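Here's a quick briefing to read alongside the model. Have the viewer open and follow along topic by topic.

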Amino acid sequence: MLNIHSKYSIKYGVRSPEEIVDWAIDAGYRRIALTDINSTTAILRFVHYAKEKDFKPVAGVDIRNENKTNYVILAKNNRGFHELNDFLSRKLHHGNPFPDKAPYLANCFVIYPLAKAPNQLLPNEYIGVRKKDTQTLLFSNWSLPEKLVILSPMTFFNKRDFNAHRLLRAIAKNTLLSKLPQEEQACLSDCFISRATLEQHFSPFPKLYQQTEKLLQQCFIDFKMGDDVENQNIACYTGSKEEDRKLIESLCKEGVKKRYSAMTSSIKNRITQEIKVIEEKEYLAYFLVTWDIINYAKSRGFFHVGRGSGANSIVAYLLGITDVDPLDLDLYFERFINIYRKTPPDFDIDFSWKQRDEVIQYIFDRFPNAALLCTYNTFQTKATVRELGKVFGLPKEDIDRLTEGKKISKELDEIGKLVVKYSSYIAGLPSHLSIHAGGIIISERPTSWFSATFLPPKGFPTTQFSMVEAEDVGLYKYDVLSQRGLSKIEEALEIVKYNTGKETHHPITSIAVFKKDLKIKKLLQTGEAMGCFYVESPAMRMLMKKLHVSNYLELVAASSIIRPGVSSSGMMKEYILRHKNPERRKTAHPVLLELMPETYGVMVYQEDVIKVAHHFAGLSLNEADILRRGMSGKYRSRTEFQLIKKQFFQNCTDKGYTLNLTQEIWKQIESFAGYAFSKGHSASFAVESFQSLYLKAYYPLEYMVATINNGGGYYRTEIYIQEARRLGAIVEAPEINHSYWESRIQGKTIYLGFQLINGLEKSTVEKIIKWRELNGIYTDFNSLLNELRPNLEMLLLLIRIGAFRHFHFPKKELLWKAHLFYKKEYRQKHTTSLFSLETKNYTLPTLAVSKYEQAFEELELLGFSLSSPFELLANPELLPHISTAHLADYHGKTIRCYGYLISVKKTTTTSGDVMCFGYFMDPQGNYFDTVHFPNTLCHYRFHGIGVYCITGTVTEEFGFFSITVSKMEKCNYMDDPRYS
């Protein structure tokens with residue numbers, strides 16, 4: 001009861017804090033101490049659940065070096081928990097072993113195992129006795145019997161738990177189960193035992209139990225949670241709440257001058273309404289801290305996008321946090337914030353992936369109580385099967401078959417059955433702590449008030465609890481995220497400037513201009529958006545063509561409709577039908593049509609859940625927000641959500657709705673609310689989409705170079721290079737006199753960057769560029785070798801990719817020269833030459849070179865060839881086929897075409913069968929889509945990147961043409977001419 005381990009003793013414990021509390025109540029305990037190994041991860045969950053069960057939680061930690069307990073520390077109170085976390089964090093940050101003697105922590109108790117008892121004990125220190133130690137006590141004369149307490153480790157409910165524990169320990173130590181040392185695992189006796197059994201075990205020493213109970217009774221930790229949750233965040237930005245309010249009001253006045261032509265009554269009323277609620281909910285500092293972060297980024301010239309439900313706020317718009325006007329878009333105020341909402345609005349702040357770390361560093365420098373949030377990475381079933389296969393010593397072939405599920409139960413031997421059995425037990429347990437994608441907390445008190453922290457590789461303190469526990473305890477996260485879309489836009493502007501000598505025609509912030517631009521409109525309607533933020537995927541391109549998207553608001557809706565929930569519920573198709581046919585809009589329920597006229601009575605955005613729950617089902621705004629949050633999945637199992645679901649159905653019955661209607665509305669809510677965006681979030685995405693569409697429309701080649709340099713987007717880099725060529729670019733492989741680490745453009749010629757060459761070290765490239773900048777272009781291969789003396793391995797990569805092609809030497813001759821040079825270097829390694837010696841030139845025989853050798857070198861070194869993939873086929877004479885540019889002419893007909901595979905998306909039918917959607921490029925550079933139903937996919941599967949001969953029927957839906965595949969075969973490439 002003083003030394004209990006949960007599953008957050010990672011790769012050691014197996015039971016959740018909730019299961020342990022339930023067990024303790026049934027086992028007759030009044031209070032227990034949860035003491036995970038070197039971790040306080042579980043404490044907030046433990047306290048939360050214990051409060052729900054009216055049980056007394058005690059927080060502690062089992063301090064260990066390797067797998068040996070040094071001592072157990074128990075927090076007397078919340079301050080003791082802070083002291084404990086502070087001590088734990090300092091050791092975790094620096095990776096030092098824990099001292100054998102615990103430091104003095106005024107508000108904590110320390111219990112040493114009997115075997116490690118120090119000679120002298122401080123007033124807050126005790127000696128822990130296990131059952132196996134009782135014989136020692138019988139024959140000893142302990143000088144301080146009042147310092148003895150029961151220290152009985154509890155980790156397992158049963159033998160199965162013990163077996164799972166041993167497997168976890170073997171995984172942790174990367175060893176065979178048969179070779180797992182005894183000292184690396186717990187004893188079978190470390191099982192959960194009832195209070196009565198524990199008393200019986202120590203019946204010869206009745207005072208031991210009494211002293212243990214007395215110790216526990218002096219410990220109690222509490223956090224306000226649930227309905228009583230307190231705001232634990234930074235309380236004031238300026239030093240007082242009044243000054244915070246004044247600052248926000250002042251910033252809003254300044255913002256109105258920048259954002260609007262004049263202060264209207266609707267603007268003034270919205271500002272007043274929002275600030276009133278923000279102040280009442282104590283979110284003033286939350287807004288000002290976010291403004292501070294944005295202000296710093298702007299001072300450094302960094303781009304950002306503010307999104308999330310906070311984009312529904314005019315205050316956020318005026319403070320420059322977001323660029324979405326909530327009045328213009330009629331954004332729903334109650335989705336942003338209402339007096340019943342227990343959490344602040346979300347601000348997801350995106351920065352360039354190149355600049356985000358600097359912004360995070362600023363946050364940690366500016367706010368001392370900042371910390372990153374962690375996430376719990378869990379064991380996944382297939383990975384667990386593989387790990388257990390290794391632990392049991394199975395051959396790789398057997399592990400592969402088990403992982404792929406190819407062995408059925410009756411074919412499994414005993415070991416195989418154990419692997420399958422225990423993989424189901426272990427799957428879902430935490431495997432390690434990781435870092436939330438962008439969540440940062442900034443608390444009023446030190447982070448150690450809530451948990452210990454650890455240091456991931458980038459060196460920012462990270463909590464040992466997740467965003468769920470943070471919210472439970474009243475800590476609100478700031479999402480500081482990175483994305484490559486912003487980097488592409490930012491870099492494209494720089495490339496336009498150096499390639500054209502001018503700025504772009506319009507500043508990139510000219511969203512109002514972009515919304516009316518006809519070239520951008522054409523890209524939207526035709527789906528010609530490859531490389532553009534959020535609108536380039538085959539699915540989004542298909543949706544835009546089906547909707548014939550022609551303006552900003554339609555793109556805002558499409559950005560949310562494409563999310564999994566809306567499409568899977570069937571409401572995406574219904575939205576398209578109502579969008580195209582005004583008569584069909586009349587089929588919507590009148591209440592829903594009145595609530596959501598802009599989307600024809602179809603739920604598209606997150607706030608639609610609140611609207612429907614509040615106005616249609618009669619839930620309060622508080623209940624509606626619980627419903628919305630519950631749909632995320634993280635909260636769906638909670639009792640409060642289940643009660644709201646019951647209330648939803650009851651209210652609908654009371655309003656006279658049919659059960660079928662209620663179930664249909666609930667199905668729609670349930671299917672998409674966890675995936676759909678808030679309207680403000682979609683609007684923020686659409687702004688960035690318009691910015692990238694503007695660059696694609698007017699500066700396509702420069703934008704493609706920026707896309708290549710920032711790791712592409714939805715597709716692999718090769719596809720963007722093909723797209724650049726399709727748009728008129730001349731694409732050159734990396735070249736010694738023109739290329740840099742990143743790709744560059746000169747006029748219409750794109751020189752690919754050295755970074756694309758697999759295995760080439762950046763230090764080599766830096767030397768090449770530095771010499772070139774100081775001395776001019778390279779004119780001679782031999783002088784280059786003498787000046788730079790590059791590593792032979794790096795030099796060979798450069799030769800093979802053709803980086804020295806402007807020297808007009810055959811590549812094979814350069815390879816000879818390189819090897820001869822380094823052979824001479826080896827001979828002269830220990831000699832010094834006062835004079836530059838002329839390199840002896842050897843006459844080399846003419847070495848035959850195949851036309852396609854360079855293409856295969858590129859395939860190996862770049863991962864793709866700069867030649868057309870159709871030129872590399874073993875049989876370049878294609879069968880009669882059509883160009884997919886004219887699919888509409890073949891509607892309903894069966895056709896044959898050829899396509900180079902760009903992407904495949906797998907999905908499942910309602911019956912659980914696998915089907916696919918393919919995206920290809922034909923020999924003429926046209927893109928086309930394919931549909932592969934289960935009955936054909938099982939016979940004609942995808943076999944990786946390459947050229948496919950496709951036979952199928954041309955189909956059409958809402959003006960979008962695709963091919964339903966009936967037959968597909970991958971075409972063979974020619975034999976590699978370098979070796980044939």
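Contact here means that heavy atoms lie within 4.5 Å of each other. With that in hand, Ser431 is in contact with Ile10, Lys11, Asn377, Thr378 and Phe379, once its neighbours within four places in sequence are left aside. Bear in mind that this is a predicted model. Below, we start with Ser431, move on to a buried arginine, Arg195, then look at some strand pairing and finish at the largest pocket.

**Ser431**
- You'll find Ser431 in strand β10, which covers residues 430-442.
- Ser431 has a relative accessible area of 10%, so it counts as buried, the cut-off being under 20%.

**Arg195**
- Arg195 belongs to helix α6, which spans residues 195-201.
- Is Arg195 buried or exposed? Its relative accessible area is 18%, and because the buried class takes in values under 20%, Arg195 is buried.
- The Arg195 side chain gets to the backbone oxygen of Gly28 at 3.4 Å.
- The side chains of Arg195 and Tyr209 are joined by a polar contact of 3.1 Å.
- Not counting residues up to four places away in sequence, Arg195 touches Ala27, Gly28, Tyr29 and Arg30, along with Tyr209 and Glu213.

**Strands β19, β20 and β21**
- Strand β21 (residues 960-970) pairs with β20 (residues 947-957).
- How many bridges hold the β20 and β21 pairing, and in which sense do the strands run? There are 10 bridges, and the sense is antiparallel.
- One pair to click on is Tyr948 with its bridge partner in β21, Lys970.
- β20 and β21 form a hairpin with 2 residues between the strands, and in that hairpin Phe958 takes a positive phi near 55°.
- Strand β21 is also joined to β19 (residues 927-932), this time by 2 bridges, and these two strands run parallel.
- For the β19 side, look at Val931, a residue whose bridge partner in β21 is Thr964.

**The largest pocket**
- If you're after space to look into, the largest pocket holds about 1600 Å³.
- Its lining is made up of 48 residues.
- Which residues lie nearest the centre of the largest pocket? They are Ala539, Met542, Met572, Lys905 and Phe917.
- By residue class, the lining of the largest pocket splits into 20 nonpolar, 18 polar and 10 charged residues.

Key:
Residues numbered from 1 in each chain as written. Predicted model: local features only at pLDDT ≥ 70, side-chain atom pairs only at ≥ 80, totals over all residues. Heavy atoms only, no water. 1 Å grid on protein atoms, 1.4 Å probe; cavity = no way out; pocket = protein on both sides within 12 Å on 5 of 7 lines; lining within 4 Å. Points joined across faces, edges and corners; volume = space filled by probe spheres on them. Nonpolar A, V, L, I, M, F, W, Y, C, P; charged D, E, K, R; others polar. Pairing = 2+ DSSP bridges. Helix = DSSP H or I, 4+ residues; strand = E, 2+ residues; numbered from the N terminus. Buried < 20%, exposed > 50% of the residue type's maximum accessible area, 1.4 Å probe, protein only. Polar contact = N/O pair within 3.5 Å; in protein donor to acceptor, adjacent residues only side chain to side chain.
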